[in-house]
Amino acid sequence: MHVLVVHDYGPLGRVLLEQLRATSLQVSPLLVSNTASVDLAALESWIPADTDLIVNALWLADPESAQERPDDVKRAALSLPLALGEFARDRNIAMLQLSTCYIFDGRKQTAYIASNPGQPVNQLGVWQWECEQGLRGLLTRHIILRTGWSLGRFIRKVQASTAAGTRLSLPGRCVGQPLAVTDLARVMRAIIQQLDCGAEVWGTYQYAGSEGISLYELGLAIAGLPGIPEDLHLVDEVSGWGQLEPVNTRLVCTKIRNTFGIKQVPWRVGLTDELTLLKGPDPVKSASP
């Protein structure tokens, strides 16, 4: 099976490509360094004709970015995936698309299941829910993988706070499940390999690290990492960006376990590796539209 991995300069693309290249799959990378410059009408120039599966590894898990750069994020979260979906539909190509827990409003008292409808409360979630619905209408052969919080996002918040010497507000009322890049790449690789074996298991799945935790407690866990200054000042309060966070983003991940045999891994296991990944080696060399 020929797999095209659409990625950016973030660590997920690098780790996923490394893992897929260790398999028997034929893998082609497609670097999207700037979504604003991508000609969505010229995808045929960049996607190999013999592609069997398009994997969109652009992981957009930061609702703040949608507020700060709405045009760029909308293009990456909605316009590009739908263009890829239309391209895949017309050429009978399957597609794996990432989404996040931000499609939910957080009002549910228990964890969300894959069939729960989206009711987003921030702009990123709105675009991702529109993307999910659009791809379901375009493609029968699709996998939508909905994820929990990006662990790296909150490590970066802690690092920025310590570098600036300012206090960091993390709302204890917000509960979810972090996810490390290496674990997400592992899950994506497992799904892709089973698709390569002919599994007809299209639909929507969810995955996040095991163990729910509040954002404030997550900050405390990150504060214990090597290299994080001990004088970090964490405060349990809702800041400006905290208003974008649903109170509950916990995900039920039994469907992906029952279908693919993928078991949840504790997110704490990936803390140190995630910190190392954020430093990052040189980006993967690949074609770029």
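This passage walks through a strand, a pocket and a helix in a predicted model.

Strand β1 is a good place to start. Covering residues 2-7, β1 is mostly covered, with six of its six residues buried. In a regular strand, side chains alternate between the two faces of the sheet. Here both faces turn out to be covered: H2, L4 and V6 are buried on one side, and V3, V5 and H7 are buried on the other. β1 also has strand partners. With β2 (residues 26-31), β1 pairs in the parallel sense over six bridges, and P29 is the β2 bridge partner of V5. Getting from β1 to β2, the chain passes through α1, and this β-α-β crossover is right-handed. β1 pairs in the parallel sense with β3 (residues 53-56) as well, over four bridges; in β3, V5 has V55 as its bridge partner.

Next comes the largest pocket, which holds about 710 Å³ of space. Its lining takes in 28 residues, and D8, G10, W59, L60 and R69 are the closest to the pocket centre. By type, the lining splits into 13 nonpolar, six polar and nine charged residues. Several helices chip in at least two lining residues each, namely α1 (11-21), α2 (63-68), α3 (70-90), α5 (151-164) and α9 (271-279).

That leaves helix α6, residues 181-196. At 1.5 Å a residue, its 16 residues should span 22 Å, and the end C-alpha atoms are 22 Å apart, so the two values agree. Buried positions in α6 include V181, L184, V187, M188, I191 and L195, and D183 is buried too. Just after α6, G198 takes a positive phi of about 95°.

Terms used: Residues are numbered from 1 along each chain as its sequence is written. This is a predicted model: local features need pLDDT of at least 70, side-chain atom pairs count only at pLDDT 80 or more; totals for chains, interfaces and linings use all residues. Side-chain values use heavy atoms; hydrogens and water are left out. The expected span of a helix is 1.5 Å times one less than its number of residues. Buried means under 20% relative accessible area, exposed over 50%, partly exposed in between (1.4 Å probe, protein chains only). On a 1 Å grid over the protein atoms alone, a cavity is a set of points where a 1.4 Å probe fits but cannot get out, and a pocket is an open set with protein on both sides within 12 Å along at least five of seven lines; lining residues have an atom within 4 Å of a point. Grid points are joined across faces, edges and corners, and a volume is the space filled by probe spheres set on the points. Ala, Val, Leu, Ile, Met, Phe, Trp, Tyr, Cys and Pro count as nonpolar, Asp, Glu, Lys and Arg as charged, and the others, Gly among them, as polar. Two strands pair if DSSP finds at least two bridges between them. A crossover is right-handed if, with the strands pointing away from the viewer, the path from the first strand over the helix to the second runs clockwise.
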